[in-house]
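Welcome! Have a look at the fold shown here, and then let us walk through it together, one part at a time.

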Amino acid sequence: MLNIGIYGGSFDPVHSGHVNLVRECLEKTLLDMVYIVPNYIQPFKENKIEVSTEDRINMLEIAFKDVEKSYISHFEINRKGISYTYKTLDYFKEKHRGEEIYFISGSDAFVNIHKYKKGDYILANFSQIIALRSEDEKKRLNAAINEAKEKYGTKVILIDNKIVDAASSNIKENLKIHNKVLPLPEGVHKYIKERGLYRD
């Protein structure tokens with residue numbers, strides 16, 4: 001049986017925290033591969049994506065080109081419409097019948113999974129890999145994990161990850177500051193500058 005991770009997001013832009021998380025999931029768990037799945041329209045961020053789908057995919061290809069066992073999926077992009085996590089997980093479950101599907105998320109997302117469409121279905125039917133985003137979230141995260149295990153029997157892996165202070169929203173603001181050191185893969189930063197992305 002293969003262990004397959006699914007990591008979705010807007011990736012607007014993809015940053016070093018995203019890349020490090022996938023690397024650590026591959027290194028610290030028994031995952032055989034990870035699909036990175038850019039949203040078409042993120043339910044919580046409708047109309048907030050600032051660059052084209054093509055640019056986001058290009059940046060993902062650059063960011064993950066040296067990460068073995070990682071693959072960029074166009075499923076949500078090709079499907080169009082609002083990207084719902086449960087539909088994406090169902091797609092990969094059907095695509096890889098008989099394999100174990102893990103939903104990869106940050107602690108900030110996991111503690112709010114009840115806000116996802118069919119969040120209970122996700123917990124009841126898919127294993128979870130969670131990365132801590134902030135030390136301040138530990139208590140709340142542990143409570144959410146215990147509840148998921150008790151209520152749904154959810155298999156949860158909390159990885160011992162390096163916390164990276166990176167947020168796409170902050171990066172977009174700081175891109176306007178010349179020579180600002182940013183948590184971006186070098187090739188992605190170069191691409192952004194060459195394409196003139198995220199300018200006012």
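## A strand in the middle

Let us begin with one pair of residues: tyrosine 102 has serine 127, in strand 5, as its bridge partner. Strand 5 (residues 127–131) runs parallel to strand 4, and 5 bridges join them. Strands here are DSSP runs of E with at least two residues, helices are runs of H or I with at least four, and both are numbered from the N terminus. Two strands count as paired if DSSP finds at least two bridges between them.

Strand 4 also pairs with strand 1 (residues 3–9), in the parallel sense, over 4 bridges. Here isoleucine 4 is matched with isoleucine 101, and isoleucine 6 with phenylalanine 103. Why is strand 4 largely enclosed by the rest of the structure? Of its 7 residues (100–106), 6 are buried, so the strand is largely enclosed. Buried means under 20% relative accessible area, exposed means over 50%, and partly exposed is in between (1.4 Å probe, protein chains only).

## About the model

This is a predicted model, in which local features need pLDDT of at least 70 and side-chain atom pairs count only at pLDDT 80 or more, while totals for chains, interfaces and linings use all residues. Residues are numbered from 1 along each chain as its sequence is written, and side-chain values use heavy atoms, leaving out hydrogens and water.

## The whole sheet

Now step back to the sheet. It is open, with 6 strands in the order 3-2-1-4-5-6 and parallel pairing. Strand 3 and strand 6 (156–159) stand at the edges with a single partner strand each, so one side of each has no neighbour in the sheet. From one strand to the next, the twist averages 25 degrees.

Helices lie across these strands. Helix 2 (residues 53–63) lies across strand 1, strand 2 (33–38) and strand 3, at about 155 degrees to strand 2. Helix 7 (residues 138–152) lies across strand 5 and strand 6, at about 160 degrees to strand 6. For these angles, axes are lines fitted to C-alpha atoms, for helices over the stretch in contact, and angles run from 0 to 180 degrees between N-to-C directions.

## The nonpolar cores

A nonpolar core is a set of buried Ala, Val, Leu, Ile, Met, Phe, Trp, Tyr and Cys residues joined through side-chain atoms within 4.5 Å. Which residues have the most contacts inside the largest core? They are Val14, Met59 and Phe64, in a core of 32 residues. Its largest share, 5 residues, comes from helix 1.

Valine 14 touches several residues more than four places away in sequence, including Met59, Phe64 and Val188; contact means heavy atoms within 4.5 Å.

## A buried serine

Serine 73 sits in the loop between strand 3 (70–72) and helix 3 (75–79). Is this residue buried or exposed? Serine 73 is buried, with a relative accessible area of 9%. Its side chain reaches the backbone nitrogen of phenylalanine 75 at 3.1 Å. Beyond its neighbours within four places in sequence, serine 73 is in contact with Tyr35, Ile36, Val37, Pro38 and Phe92.

## The chain overall

The chain has 9 helices and 6 strands. Of its 200 residues, 47% count as buried. Its C-alpha atoms fill a box of roughly 50 × 35 × 30 Å along the principal axes.

Terms used: A polar contact is a pair of N or O atoms within 3.5 Å; within protein, one must be able to donate a hydrogen and the other to accept it, and residues adjacent in sequence count only if both atoms are side-chain atoms.
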